[in-house]
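Trainee: Could you take me slowly through one part of this model, the packing of its helices, and then follow the side chains and backbone that belong to them? I would like one connected account rather than a list.

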Amino acid sequence: MHKKILLAYDGTEEGRVALLECADIAHLLHAETHLLAVMRMPSGVFLAEGFVPDSVMEEEEQRVRNTIDDGVALLCEGGYSACGHLAYGEPVEEICRMATELEVDLIVLGHRKQTSFASRWWKGSVGISLLERAPCSILVAVGR
């Protein structure tokens with residue numbers, strides 16, 4: 001059964017749904033829980049030369065660290081313990097890398113429904129890409 005769980009968490013409403021499902025599973029299985037947030041290079045802040053000011057990166061890193069802290073705090077409030085992790089890069093690559101490194105049995109993530117075909121095609125989906133590359137089972141939590 002699942003002894004180690006990796007929650008891919010971004011602090012969104014869908015991420016919180018995944019957090020609650022992860023907490024339930026971790027509680028039932030007495031599983032070790034790890035919460036991962038991935039910091040992407042903020043695409044909207046590139047200047048003409050491709051340089052991102054340190055202050056912008058520091059602000060983004062602090063925002064992601066706050067997301068991790070909030071997620072771990074929510075789990076702790078529910079009586080669960082979790083270890084927070086911060087990774088830098090593309091979410092699918094970092095989730096798979098961390099899952100392999102930690103030897104987790106299950107990855108939990110939230111799913112954001114795309115409203116149109118064009119939106120799904122243009123933006124892609126972390127969940128769909130993750131299905132192809134994950135080293136273990138995946139639980140996709142869907143909000144109601």
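Mentor: Let us begin with helix H1, residues 13-29, and helix H2, residues 54-77, whose axes come within 11 Å and cross at roughly 40°. This is a predicted model, and everything that follows should be read as a description of that model. Two packed helices are described by the angle between their axes and the distance between the axes. Angles under 35 degrees would count as roughly parallel and those from 65 to 115 as roughly perpendicular, and H1 and H2 are therefore oblique to each other. As to the hand of the arrangement, the crossing in which H1 passes H2 is right-handed.

The residues that make this contact can be named on both sides: H1 contributes Arg16, Leu19 and Ala23, and these meet Gly71, Leu74 and Leu75 of H2. Sorted by class, the contact consists of 4 nonpolar residues, 1 polar residue and 1 charged residue.

If you follow the chain from H1 towards strand E2 (32-39), you enter a loop in which His30 is found. The backbone of His30 deserves a pause, since its phi is positive, about 55°, although the residue is not a glycine. His30 has a relative accessibility of 70% and therefore counts as exposed, the cut-off for that word being over 50%.

Returning to helix H2, we can look at a pair of side chains within it, Glu61 and Arg65, which meet in a salt bridge with an N to O distance of 3.0 Å. Both residues belong to H2 and stand 4 residues apart, about one turn of the helix. As for their surroundings, Glu61 has a relative accessible area of 24% and is therefore partly exposed, and Arg65, with a relative accessibility of 35%, also counts as partly exposed.

This pair belongs to a total of 4 salt bridges counted in the model, and two others are found in helix H3 (91-102), where they share a residue. Glu94 forms a salt bridge with Arg97, and the closest N and O atoms of that pair are 2.9 Å apart. Because Glu94 and Arg97 are 3 residues apart in H3, they are separated by about one helical turn. Arg97 in turn meets Glu101 through their side chains, in a salt bridge that is also 2.9 Å from N to O, and these two residues of H3 lie 4 residues apart, again about one turn of the helix. Glu94, Arg97 and Glu101 are thus linked in a network of salt bridges.

The members of this network should also be placed by their accessibility. Glu94 has a relative accessible area of 12% and is therefore buried, a word used for values under 20%. Arg97, the residue that takes part in both bridges, counts as partly exposed at 36% relative accessibility, whereas Glu101 is exposed, with a relative accessible area of 53%.

Beyond H3, finally, the chain runs through a loop towards strand E4 (106-111), and Glu103 has its place in that loop. Here the backbone again calls for attention, for phi of Glu103 is near 55°, a positive value in a residue other than glycine. With 61% relative accessibility, Glu103 counts as exposed.

Key:
Residues are numbered from 1 along each chain as its sequence is written. This is a predicted model: local features need pLDDT of at least 70, side-chain atom pairs count only at pLDDT 80 or more; totals for chains, interfaces and linings use all residues. Side-chain values use heavy atoms; hydrogens and water are left out. Axes are lines fitted to C-alpha atoms, for helices over the stretch in contact, and angles run from 0 to 180 degrees between N-to-C directions. Angles under 35 degrees count as roughly parallel, over 145 as roughly antiparallel, 65 to 115 as roughly perpendicular and the rest as oblique. A crossing is left-handed if the near helix is turned anticlockwise from the far one by less than a right angle, and right-handed if clockwise. Contact means heavy atoms within 4.5 Å. Ala, Val, Leu, Ile, Met, Phe, Trp, Tyr, Cys and Pro count as nonpolar, Asp, Glu, Lys and Arg as charged, and the others, Gly among them, as polar. Buried means under 20% relative accessible area, exposed over 50%, partly exposed in between (1.4 Å probe, protein chains only).
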